[in-house]
Amino acid sequence: MRFYVFALAFISNSIMAMDIAPMHWWVGMKNPELQLMVHEQQVGKAKWHLQPYHGVELKQQYSLDNPNYVFLNLTLGADTQPGKLTFISNANHSFDFELKARKKGSAQRRGFDSNDVVYLINPDRFANGDTGNDNHPQMQEQSDRNARDGRRGGDIQGIIDRLDYLQSMGFTQLWLTPARENNMSQGSYHGYAMTDLYRIDPRMGGNEQYLRLVNDAKEHGLGVIMDMVPNHIGANHPWMQDKPSKDWINNGGEFVSNNHRRQTVMDPHASEYDRYHFNDAWFVPAMPDLNQRVPELSNYLIQNSIWWVEEAGLSGIRIDTNSYSDKTFMARWSHAVMAEYPNFNMVGEEWTENAGIVAYWQQGKRNQDGFKSGIKSMMDFPLQGALVRALNEPAGWHTGWVRVYQSLGNDFMYANPHSLLVFADNHDMSRVHSQLGQTVWKTKLAMAFILTTRGIPQVYYGTEILLDNTPSNEHGDIRIEFPGGFAGHSQDALTGAGLQPQQLQMQDYMRTLLQLRKQHSALRTGTLTHFAPDQDLYIYHRADQSERILVIFNKGPARSLDLAPYKEVLNGAKVAKELLTNQSMSLSNTLNVPAEQALILQLQ
C-alpha cells in the first residue's frame, strides 16, 4: 500500500506526499536491520536525521541513480520498545514511522504441513460478497461478467461468507491467488501483475478486509496462504514510470521474451545466453521482470514478504514462478523468511514433470552446485501429470498405474517428499474432471489418491462439485464462477440447490474423504509402502504407531484379489474396516475388489 505522509515544504510552500516502504515495522524481529525506501520528488538530495530514539540507529542514507528515492538503513537494538520514529530532513520535510509490538507467539507460528488440506481459490471467480466494490474509481479495469478474461466481482467478503462451508467440508488452509492490487487495463482478475505490493486490491475489499478474512478463517480452523510473486510486477506499477535505479527492472525495462528453459538454472552445460533468456527475460510485456541482484530491491522484497506474514498473521506463502527469479536471491529470501518464522512453510511453483528439477529447490537438498534453498515444500507437478495419465491410459508395462508407481519411486530425489504439495489440478491447467473426460469415477479415484497419498493435499475450488471447463482450455474458462457465488446462478454449492445428482454425490464423497483424513493420522503422516501395479490395481499402505491403512485403487472391472503378495503389510490382519462405507471386510486369502472404485481399509 502506498503510505502517504504529508509534510510542509517551507521553501516551496507546497504540500508533498511521501511514499514510505514498509509502512511500519515491529520490534523484536530476529534480523535487526531495516531498510526504509522513501519516494518523493528529489527526496534523495536532502540530508536526513533521526530524532534520538533508544535502541535505534540510522546507519546509512543514500540514493542509487534516481534522486527521487532515498534509502534509510536502520539498526534496531534487542531492547528497542514500540513507538514512533521521527525523521527530519534539511529541506524541512519530516515523517513519522511506527515500530509496533509483535503479537504473542508470532515467531513460533505453525505453517501448513501434511496435517492440512489446502483449498485453492481464485477470489475474483469464487464469490461476490460485496457488489459495492465491483468497480473502483482508482482502478482501470471495470467488472464485466460477460468477458472470458474480465473481472467478475468476486471478493474477500465472498470467501468470508463461505467459511462455514469450507470448515464443514474439512479444509484447513486457504490459498488465494493474489488479491493484491492489479491496476491493469485488462486481464487483471488473476492477480499476478501486481501494481502495489503493500495494498490489497480495493475491488477485493482492501487491507482491512483481508485481515478480517485471516482472523475469521482462524476462528474456523483455517489458515491463510498468500500467493507471492518475487519474479515480476505489473507494467502499471509506479516503478515503471520512476525506477529507483536504471537496473531495477531486467533488460533496462524493455521486454525480452522468456525461453522458459528452467533446467538452465542447474544445468552444468548451459550457455550464458540460455541462462540469461530464462532468468532475466520477461513472461509477457505486461509483467516486467525484477532484477533481484540489486541489493535494495532484494531487501524490499524480503521485507515485504515478512511484513505480510507479521501484519496479516499468515500460515504460509505460495511462491509463483519460483525458478524464474535469481536463485541467489531466492536462497537469501527464503532463508530470511524462515529465520523469522522457523515453523513456517512456503511452497514453490516449479512447473515441470522432471522430479530432479523440482527437488533442486527444496530445503535440505544437497545440490552439486552448492545451492541451498530455504523452501520446505514444492508443488509436485511430476505426480500430477502421472496421475492423470494413469487414469486415462490402459494398463501396460509403461502405462496406467505404473506412471504413479514410478513417480512416487522418484521420491529418493527429494529431501522431504512428505512436504510436497500434491494436487490433481490447479488454476493454470484444465480442471481434473475435464482432464479425465468428465468421467466421475475417474475423478473420484483421483481425489481419493490425492487425499490418501504422502504429501500435503491441495484441492482446487469447485472440484468437490465436478466443475468442468470442457471443451475450452482457456484460463478464463478454467477459472469458472463458483456456483451460488454470483447473482443469477441456478446452482448453489452451499445449499445444494440446482446441483445434479452426480455433483451432490461427489460433494458428499469429498466431504467423507476430507473427514477421514482428519480422523486418521496414518493418512496424514504415516509411512507409505506401495506395490507394483497389478493390471488395473494399485495398492499402498499407510502406517504410523496408532494404525495401519491399506488403500486399493481399481480402475478396471471387479475382480478377486489374491492377498498373498501383501502379507508384509497385512501382518496377520484377518479383518478390515472399509472407511468409506463403514463395512467390515474379510482378509482371509482373497478380497473382492469392486469395479472403478477406491477402498480404504483400516486393518484390524
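Start at Arg-431: its charged end sits over the ring of Tyr-461, 4.7 Å from the ring centre. The rule for a charge over a ring is NZ of Lys or CZ of Arg within 6 Å of the ring centre and within 35 degrees of the ring normal. This is a predicted model, in which local features need pLDDT of at least 70 and side-chain atom pairs count only at pLDDT 80 or more, while totals for chains, interfaces and linings use all residues. Residues are numbered from 1 along each chain as its sequence is written, and side-chain values use heavy atoms, with hydrogens and water left out.

**Stop 1: the Tyr-461 ring**

Keep Tyr-461 selected and add Phe-126. A pair of aromatic rings is described by the distance of the centres and the angle of the planes. Rings of Phe, Tyr and Trp (its six-membered ring) pair if their centres lie within 6.5 Å; planes under 30 degrees apart are stacked, over 60 edge-to-face, and the rest tilted. That rule gives a count of 37 aromatic pairs. Phe-126 and Tyr-461 form an edge-to-face pair, 5.8 Å centre to centre with 90° between the planes. The pair links distant parts of the chain, 335 residues apart. Phe-126 is in helix H1 (residues 123-126), and Tyr-461 is in the loop between strand E19 (456-460) and helix H13 (475-478). Helices (H or I, at least four residues) and strands (E, at least two) are DSSP runs, numbered from the N terminus.

Are the two rings' residues buried or exposed? Phe-126 is buried, with a relative accessible area of 0%. Tyr-461 is buried as well, also at 0%. Buried means under 20% relative accessible area, exposed over 50%, and partly exposed in between (1.4 Å probe, protein chains only).

**Stop 2: helix H14**

Select Lys-444 and Tyr-509. The charged end of Lys-444 sits over the Tyr-509 ring, 5.2 Å from its centre. Tyr-509 is one of the buried residues of H14; among the others are Met-506, Met-510, Leu-513 and Arg-517. Now show the whole helix, residues 501-519. The expected span is 1.5 Å times one less than the number of residues. For the 19 residues of H14 this gives 27 Å, and the end C-alpha atoms are 27 Å apart, which agrees. Which elements do the buried residues of H14 pack against? They are helix H3 (163-169), helix H12 (440-450), E19, helix H15 (521-525) and strand E27 (597-603). Contact here means heavy atoms within 4.5 Å.

**Stop 3: the eight-stranded sheet**

Colour the strands in the order E17-E16-E15-E14-E11-E10-E19-E18. They make an open sheet of eight strands with parallel pairing. Two strands pair if DSSP finds at least two bridges between them. Strand E17 (377-378) and strand E18 (421-423) stand at the edges; each has a single partner strand, so one side of each is left without a neighbour in the sheet.

Zoom in on E14, residues 223-228. Six of its six residues are buried. Gly-223, Ile-225 and Asp-227 point one way, while Val-224, Met-226 and Met-228 point the other way. Strand E11 (residues 173-176) pairs with E14 in the parallel sense over four bridges. Trp-175 stands opposite Ile-225. Strand E15 (residues 316-319) also pairs with E14 in the parallel sense, over four bridges. There, Ile-317 is the bridge partner of Met-226.

Move to strand E16 (residues 346-348). Two bridges join E16 to E17, and the strands run parallel. Val-347 has Ser-377 in E17 as its bridge partner.

**Stop 4: Glu-181**

Select Glu-181, in strand E12 (residues 180-181). Glu-181 counts as buried, at 7% relative accessibility. Which side chains make polar contacts with that of Glu-181? Thr-195 does so at 2.5 Å, and Arg-199 at 2.7 Å. A polar contact is a pair of N or O atoms within 3.5 Å; within protein, one must be able to donate a hydrogen and the other to accept it, and residues adjacent in sequence count only if both atoms are side-chain atoms. Glu-181 also touches other residues, including Met-139, Ala-193 and Ile-200.

**Stop 5: strand E26**

Select residues 590-593. Leu-591 and Val-593 point to one face and are buried, whereas Thr-590 and Asn-592 point to the other and are not. Strand E23 (residues 559-562) pairs with E26 in the antiparallel sense over four bridges. Arg-559 has Val-593 as its bridge partner.

**Last stop: Gln-241**

Find Gln-241 in the loop between E14 and helix H5 (272-279). Gln-241 counts as exposed, at 73% relative accessibility. Add Thr-439: the two C-alpha atoms are separated by 50 Å, with the residues 198 apart along the chain.

Conventions: Lists of a residue's contacts leave out its neighbours within four places in sequence.
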